[in-house]
Amino acid sequence: MAGKVYLVGGGPGALDLYTLKAMECIQEADCLVYDRLIDPQILTYTKKECECIYVGKAANQHTLPQDQINQLLVEKAQQYQNVVRLKGGDVYVFGRGGEEALILQEKGIDFEVVPGLSSSIAGLCYAGIPITHRGLASGFEVVTAHHKNDTEYEWNYHEFLNDHKTYVFMMGLSELERITKGLLQAGKAPSTPMALISNATLPNQKTCYGQLNTIVDLFKQSDLTSPMLIVMGKTVELHDRLNFFSQGSLSQKRILVTALSNETQSLSRYFKSEGAVVTQLQVGEICLLDFEINFDWENKLIVFTSRNGIRGFFGGLYQKGVDLRQLAFVRFACIGQKCAQELATYGFTSDIVCDQANSEDFNPLLRKEILEKETMLVVCGRGSCAIEALHEEDIYLPVYENKEIDLEISNDTYDAACFSSASAVLRTAKSNIQFKTAVSIGKMTTKAIRSLYPDVQVIEAGTASYEGMIEAVKENKHVL
């Protein structure tokens, strides 16, 4: 029995503009067939066993012709339960989704269409251009500069003379001169506002604003590349007041954010909101470990060195069917407020909390606060642990592993790199990645940075958390 094909619109480019439905389909896909305009980072959201097939099409260079893509979808539907055909923009806005849907319907294959944000609207928005605006544009028209089999097509340019409309020409980089010439010959006013938008919504978005009679020369002086939108109409004039995207305080700064998962970090979201070009690099993966409970709970101080340790510990107890009421008379110690807050989600209050989330401050606090006859159960990650034993009876219990993975990034240079652990610094140092400034979560991470990158300026968080790192950046933007 054939599976189901989901024709999914991936939006104009930015990962955070994918719909929830689109992400759900991608995460559940057994096979993903994707286009050129899809950010490769989206592949990190698929299942490990998902077959990912690139069928991108650029000008005069098709990985697979459309009829072969259609056949591929039919074949994969016979092989897999869930097949996702991922396209840039919206499936039915010049995405040839209708052709693919018709083939699936003819072959009796179940399909579903998941709409996406079209760059014809969202791309304009990110350039400060509303596609309609009361008093300026009461409607809009979207056309493509390319046609079936790349045959030359001449519009009736008199159709574009309504000055109360916004006109959007998609995929028009190679046709710009022909379009402007045709419009001028048809009688369109030379002073008509125009804009060119390259790589809309992406960190490397670039724009060019001018008029019908100047836009070609401006384009030749620019470094705009495909994909490019051509916009014409009065609403273009609003760009200087509505262009939120390029007005961030860190606009065009290149920032590297290291992480232990592929989930978008709050640091990445912050830098993007400030206009930075952000690369999130996964340097490791947290894997929970099985552990044995070959000790009693009497007179125990359970010491947590990280939130991952708390999750692994209680997750393991749950799997083993341990009654948490056995922990009613133990005490808890947490390194940092964030760790204590994580513990509270499991219904326990930490008796000892180190305000500074580092072992240099935590160790003396434990020596001071531990009770007579109390021994420590140190819940930690596999490998070295910086918490010092106080008794021979103290137990170290590894509940997770910070597993190193291959870095999937090309060597590059950044204005700043962000590190939330010393291990992230060590792993990044194995590449040839360079950066001018490092943002550190705390003392131990800073020590690793200064050891491996002695010439780099360091911004250290006042509190060991992502929020603390963001606050430190806000206070030190002038050095980025």
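Me: Which hand does the crossing of H2 and H3 have?

Reply: The crossing of H2 and H3 is right-handed, a word used when the near helix is turned clockwise from the far one by less than a right angle, whereas an anticlockwise turn would be left-handed. The structure is a predicted model, in which local features need pLDDT of at least 70, side-chain atom pairs count only at pLDDT 80 or more, and totals for chains, interfaces and linings use all residues. Residues are numbered from 1 along each chain as its sequence is written, and side-chain values use heavy atoms, with hydrogens and water left out.

Me: Why is H2 called oblique to H3?

Reply: Helix H2 (residues 66-79) and helix H3 (residues 97-106), both DSSP runs of H or I with at least four residues, numbered from the N terminus, pack at about 45 degrees with their axes 10 Å apart. That angle makes H2 oblique to H3, since under 35 degrees counts as roughly parallel, 65 to 115 as roughly perpendicular, over 145 as roughly antiparallel, and the rest as oblique. The axes are lines fitted to C-alpha atoms over the stretch in contact, and angles run from 0 to 180 degrees between N-to-C directions.

Me: Which residues of H2 and H3 make the contact?

Reply: Gln66, Ile69, Asn70, Leu73 and Val74 of H2 meet Glu99, Glu100, Ile103 and Leu104 of H3, contact being heavy atoms within 4.5 Å. By class, this contact has five nonpolar, two polar and two charged residues, where Asp, Glu, Lys and Arg are charged, Ala, Val, Leu, Ile, Met, Phe, Trp, Tyr, Cys and Pro are nonpolar, and the others, Gly among them, are polar.

Me: What makes H8 and H14 roughly parallel or oblique to each other?

Reply: The axes of helix H8 (residues 266-273) and H14 come within 9 Å and cross at roughly 25 degrees, and H8 and H14 are therefore roughly parallel to each other. H8 passes H14 in a right-handed crossing. On the H8 side the contact is made by Ser266, Leu267, Tyr270 and Phe271, and on the H14 side by Tyr466, Met469, Ile470, Val473 and Lys474; these residues divide into seven nonpolar, one polar and one charged.

Me: Why is H11 called oblique to H13?

Reply: The axes of helix H11 (residues 359-369) and H13 come within 8 Å and cross at roughly 140 degrees, which makes H11 oblique to H13. Here Ser359, Glu360 and Asp361 in H11 meet Lys443, Met444 and Lys447 in H13, and the contact has one nonpolar, one polar and four charged residues.

Methods. Helix = DSSP H or I, 4+ residues; strand = E, 2+ residues; numbered from the N terminus.
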